[in-house]
Amino acid sequence: SRSTIGPHRLQGATARVWEPLDLIRLSIDERIYVKCKGDRELRGKLHAYDNHLNMVLGDVEETVTKQEIDEDTQEEFVKTKKRQMEMLFVRGDVVILVSPPLRTT
C-alpha cells in the first residue's frame, strides 16, 4: 500500500500526490515559480517536464539577482535584471525549487 504525501486540491477535487513529481504533474498548464542556481528565478506556464526536472515554460519572466560592490565606496548593492521570454527550456540540474500555483478552495 502506498502512502500519500498529502492530498492536493485541484479544481475543486482532491488529487492524490503519491510521489514528488505528482505535484509537478498537477501543475501542467499552470503558472509556476522555479528557483535556479546562479540566483535566477523563473515564473511561467509549465508546458512539459520529465523525470530529470527538465521543463518547458511559456510566457516566462526571468529575474536575475546579483550582489555587486561599488568600487568607489566599497558598499555592497543588489542589482536585479528582468526579462520576458515567450518559451524557455530549463535544464533540470539547475533547478533548486519548484513551487506550484497557490490553490484556494
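1. Let's start with one side chain in this predicted model. Glu61 has a relative accessible area of 22%, so it counts as partly exposed. Its salt-bridge partner is Lys82, with N and O 4.0 Å apart. Glu61 sits in strand E5 and Lys82 in strand E6, so to speak two distant parts of the chain, 21 residues apart. Lys82 has a relative accessible area of 57%, which makes it exposed.

2. Now for a pair with a buried member. Glu62 and Arg40 form a salt bridge, and their closest N and O atoms are 2.7 Å apart. Glu62 is in strand E5 (residues 55–69) and Arg40 in strand E4 (residues 40–49), so this pair ties together parts that are 22 residues apart in sequence. Glu62 is buried at 5% relative accessibility, while Arg40 is partly exposed at 25%. Shared partners join Arg40, Glu62 and Arg83 into one salt-bridge network.

3. Arg43 and Glu41 also meet in a salt bridge, at 4.0 Å from N to O. Both ends are partly exposed: Arg43 has 37% relative accessible area and Glu41 has 22%. Across the whole structure, the search finds 7 salt bridges.

4. How are the strands ordered in the open sheet of 5 strands? The order is E6-E5-E4-E3-E7, with antiparallel pairing. Strands E6 (76–90) and E7 (95–99) are the edges, each pairing on one side only. On average, neighbouring strands are turned by 25° against each other, ignoring direction.

5. One last look at an edge: E7 pairs with strand E3 (residues 31–36) over 4 bridges, in the antiparallel sense. Here Cys36 stands opposite Val95 of E7.

How values were computed: Residues are numbered from 1 along each chain as its sequence is written. This is a predicted model: local features need pLDDT of at least 70, side-chain atom pairs count only at pLDDT 80 or more; totals for chains, interfaces and linings use all residues. Side-chain values use heavy atoms; hydrogens and water are left out. Two strands pair if DSSP finds at least two bridges between them. Axes are lines fitted to C-alpha atoms, for helices over the stretch in contact, and angles run from 0 to 180 degrees between N-to-C directions. A salt bridge is a side-chain nitrogen of Lys or Arg within 4 Å of a carboxyl oxygen of Asp or Glu. Buried means under 20% relative accessible area, exposed over 50%, partly exposed in between (1.4 Å probe, protein chains only).
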